[in-house]
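Colleague: I am new to this structure and would like to get to know one part of it properly. Could you pick a single part and walk me through it slowly?

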Amino acid sequence: MIDFTVNGKEQRVDVTPETPLLWVLREKLGLTGTKFGCGEGLCGACTVHIDGLPQRSCITPVGDVQGKRVLTIEGLPENHPVKRAWLDQEVSQCGYCQPGQIMTAVALLEKKPRPTDADIDSAMSGNLCRCGTYGRIRRAIHIAGGKPVPKGGKKS
Amino acid sequence: MSKGSTLSRRQFIKTSALAGGGLLLACHLPFGARDALAAGKTVFAPNAFLRIGTDESVTVIVNKSEMGQGVYTSLPMLIAEELCCDWKRVTFQASPVAAEYNHAQFGPIMVTGGSTSVRSEWERLSLAGAAAREMLIAAAAGQWKVGPAACRAENGIVHGPGDRQLSFGQLAAQAARLPVPKAPTLKSGAKKLLGKPLHRLDSPAKINGTAIFGIDVAVPGMLTVVIARPPVFGGKVKSFDATKARAVPGVYSIVEIDAGVAVVADGFWPALKGRELLEIVWDEGAGARVSTPAMREEYAGLAATPGLVARRDGDAVAVLAKAGKRYEVEYEVPYLAHAPMEPLNCFVDLKSDSCLIRTGSQFQTVDRNAAARVAGLKPEQVTLETTFLGGGFGRRACTGSDYVVEAVQVAMKVKQPIKVIRTREDDMRAGYYRPMWYDRLAACLDGKGMPLAWQHRIVGQSIVAGTSFESAMVKDGIDDTSVEGAANTPYAIPNLQVELHSPRNAVPVLWWRSVGHSPYGLRNGELSGRTGPPGRQGPVPVPPHATGQTSPYSQGAGDRCPKSRLGYTPAQGMGTGHRRA
């Protein structure tokens with residue numbers, strides 16, 4: 001048995017401890033907002049917070065989160081500034097990578113509320129987007145961080 | 001496979017003007033009305049694409065797959081513009097597979113592709129919205145005993161003489177009893193929604209984790225499947241030992257299907273662990289002899305010999321033979337996986353007389369029919385529900401329906417709802433791909449530095465060879481998609497010859513984003529860069545006026561250098577092409 005909290009709720013799961021957290025979230029707890037992209041920690045689609053830090057749930061054995069706090073996209077408040085900025089900038093295209101992008105962005109802003117472009121590029125470099133929404137991701141992070149961005153700002 | 005897809009991609013577009021004039025409004029609603037009736041709400045369902053509830057809801061049934069391009073917003077906008085409803089009440093729903101939802105231009109097949117969603121649906125959905133508006137107005141006019149001309153619809157309300165108002169919801173039940181107008185009149189005047197930036201209707205679901213992609217589909221009792229596939233294309237299972245795999249906790253069963261050996265488990269992880277412990281002896285077949293070096297050699301050899309002629313203007317061969325300076329270049333592009341962010345997957349719930357499929361498909365009719373064929377059912381016994389697609393790029397419009405067929409085959413053996421998931425490695429290794437291409441180009445210039453002759457020999461697999469599309473799309477040995485972007489180059493060159501070799505091998509190939517334009521933009525643009533004399537003209541030797549068209553990079557006939565639009569001067573060998581795709 002492994003006990004941990006997910007989005008503030010205590011959970012107990014009966015799985016082998018090496019099972020990646022991703023599949024426990026998706027299959028045992030029904031939290032399918034966290035996505036499977038590569039299974040190797042390379043694409044970032046599976047990003048969640050563990051005790052406040054962004055982690056790749058596809059390579060995190062669930063046994064390692066015993067007693068820890070996990071936050072997934074479903075646990076992020078509807079009015080979270082990052083979500084609002086994402087809607088404002090219409091970041092999503094196909095949307096598949098976006099939960100992971102958002103979780104990484106939230107962690108960045110918690111660490112550095114007014115990030116520079118370089119901070120953003122560095123923090124987000126592990127999150128791939130096959131549609132190529134990177135320019136809007138960067139703008140949305142600036143907006144969520146309170147930095148005014150001119151309307152129809154420079155696309156990149 | 002549908003016999004309807006008897007037009008080439010180019011022909012599809014050519015026939016659009018004809019097809020557009022004869023569109024009919026379908027007069028029944030396969031599932032929208034059913035849902036609404038189940039919910040106990042009176043509904044106005046004037047056609048297959050729209051229903052209006054007494055609760056003022058406006059639901060647009062979208063027959064295109066959402067894979068990032070925004071069809072769950074753009075297509076509802078087309079209806080809402082003509083309907084004159086309140087945009088804030090508009091929601092979307094993915095359509096089922098039915099004739100009413102077939103592509104408006106591609107024949108009797110439901111498909112999303114070719115960058116056609118908005119332009120192919122423009123007229124049909126505009127008319128659908130206009131017809132519903134006329135019916136709502138007629139319902140109000142009837143109630144007020146006035147002529148419809150005295151009424152107008154705006155923002156979900158019909159306004160009549162003397163400030164009378166009735167909402168669409170109030171009118172829905174009455175409107176549903178009226179005949180559907182055969183020739184509704186489109187609005188005149190300025191557009192209220194079209195052309196204006198609007199927020200996407202699907203964005204909230206995509207950022208809060210509730211959007212359901214194929215990989216997210218789950219039902220109680222569902223089992224998860226990963227498949228061990230042969231290490232070479234076309235390989236088969238010779239024998240296998242599943243003793244160790246079966247011992248993995250959570251593994252439910254191991255079954256052999258055409259694609260390989262499927263591990264069925266109560267979750268992805270035990271299925272994956274089980275697969276690692278399978279001991280399989282493969283019959284690799286002829287595919288084992290295929291290698292990149294051998295193919296390069298074969299393709300280079302073919303490129304040195306004349307191919308089938310796809311286009312001939314003037315006499316490029318003769319002009320080149322006499323040319324003083326010839327530019328000759330060979331290009332290679334490799335096989336390329338579509339690599340959608342969401343690896344391929346498919347949910348199947350198969351019963352003796354029905355089959356439910358939930359997956360992110362761009363090719364619903366083809367996939368449904370393939371499932372029916374494999375399961376021994378009639379197409380109408382198969383229900384395919386389209387989820388969100390975590391990227392499509394053409395991969396989810398597979399001529400062979402590979403990821404659907406393999407899931408149905410597993411379901412036939414397991415007798416429980418199953419979902420096959422490909423790992424990233426499966427997704428990359430199992431095909432399909434953009435073909436590898438080997439091209440040989442030769443060109444020469446006239447005294448003014450303009451191209452005088454251009455010969456382009458193309459070597460690469462046809463993406464439709466061996467599929468049900470071959471008879472329709474290959475003419476006189478030429479697959480139109482193999483020469484797309486080359487034979488129909490927008491450049492005006494007096495002596496132009498395009499030739500094609502279409503070798504066959506075991507590597508599965510498929511259309512991909514932009515199809516032929518993907519490799520040809522590079523080849524044509526790059527050679528244009530090389531042939532251009534350095535200096536005054538810059539590296540763009542074929543200015544827009546040579547094509548008789550306006551280039552997006554051109555400021556006018558005198559502006560041959562694209563620096564002002566690019567923000568930099570392309571280096572030698574780095575061409576700026578002019579594409580018409």
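Modeller: Happy to! Let me start with one term: two residues are in contact when they have heavy atoms within 4.5 Å of each other. Please keep in mind that this is a predicted model. I suggest chain B as our part. Among its contacts with a separation of 6 or more, 74% are between residues 24 or more positions apart. The chain has 581 residues, and 57% of them count as buried. Its secondary structure comes to 18 helices and 25 strands.

Let us begin where chain B meets its partner. Here 35 residues of chain B touch 34 residues of chain A. Together the two chains bury about 2,800 Å², with 60% of that area on carbon and sulfur atoms. Three residues, B:Ile207, B:Trp269 and B:Met341, supply 29% of what chain B buries against chain A, more than any other three.

Charged and polar pairs also cross this boundary. There are 2 salt bridges between the chains, and A:Lys35 with B:Asp216 forms a salt bridge at 2.4 Å, N to O. Polar contacts join 14 residue pairs across the interface, counting pairs in which both residues have pLDDT 80 or more. On the side of chain B that touches chain A, the elements giving two or more residues are helix 6 (203-207), helix 8 (268-276) and helix 13 (424-429). Helix 6 gives the most, with 4 residues. Sorted by class, that side of chain B has 16 nonpolar, 11 polar and 8 charged residues.

Now follow helix 6 into chain B itself. B:Lys206 makes a salt bridge with B:Glu66, their closest N and O atoms being 2.6 Å apart. This pair links distant parts of the chain, 140 residues apart: B:Glu66 is in the loop between strand 3 (58-62) and helix 3 (71-83), while B:Lys206 is in helix 6. Both B:Glu66 and B:Lys206 are buried.

Helix 8 offers another kind of pair. B:Glu276 and B:Lys273 both lie in this helix, 3 residues apart, about one turn. Their salt bridge has its closest N and O atoms 3.1 Å apart. Are these two residues buried or exposed? B:Glu276 counts as exposed because its relative accessibility is 52%, and the cut-off for exposed is over 50%. B:Lys273 has 27% and so is partly exposed. If you want to place B:Lys273 by eye, its C-alpha atom is 9.2 Å from that of B:Val263, 10 residues away along the chain.

Next, look at B:Ile257 in strand 10 (residues 251-257). With a relative accessible area of 6%, B:Ile257 is buried. Leaving out residues up to four places away in sequence, B:Ile257 touches B:Ile227, B:Glu406, B:Gln409 and B:Val410.

One of those neighbours, B:Glu406, leads us onward. The side chains of B:Glu406 and B:Arg422 meet in a salt bridge of 3.4 Å, N to O. That pair again links distant parts of the chain, 16 residues apart, with B:Glu406 in helix 12 and B:Arg422 in the loop between strand 19 (418-421) and helix 13. B:Glu406 is buried at 4% relative accessible area, and B:Arg422 is buried at 2%. Both belong to one network of salt bridges that share partners, together with B:Arg229, B:Arg275, B:Arg395, B:Asp402 and B:Asp426.

Some backbone details are worth a pause. B:Ser401 has a positive phi of about 45° although it is not a glycine. You will find B:Ser401 in the loop between strand 18 (382-386) and helix 12 (402-414), and its relative accessible area of 1% makes it buried. B:Ala339 also has a positive phi, about 50°, without being a glycine; this residue is in the loop between strand 15 (336-337) and strand 16 (345-350). Finally, a cis peptide bond with omega of about -5° joins B:Gly431 and B:Tyr432, and B:Tyr432 is in the loop between helix 13 and strand 20 (433-434).

A last stop is B:Arg51 in strand 2 (residues 50-53). At 10% relative accessibility, B:Arg51 is buried, and its side chain makes a polar contact of 3.1 Å with the side chain of B:Gln93.

Terms used. Residues numbered from 1 in each chain as written. Chains lettered and ligands numbered in written order. Predicted model: local features only at pLDDT ≥ 70, side-chain atom pairs only at ≥ 80, totals over all residues. Heavy atoms only, no water. Buried area = accessible area lost by both parts, 1.4 Å probe. Salt bridge = Lys/Arg side-chain N within 4 Å of Asp/Glu carboxyl O. Polar contact = N/O pair within 3.5 Å; in protein donor to acceptor, adjacent residues only side chain to side chain. Nonpolar A, V, L, I, M, F, W, Y, C, P; charged D, E, K, R; others polar. Buried < 20%, exposed > 50% of the residue type's maximum accessible area, 1.4 Å probe, protein only.
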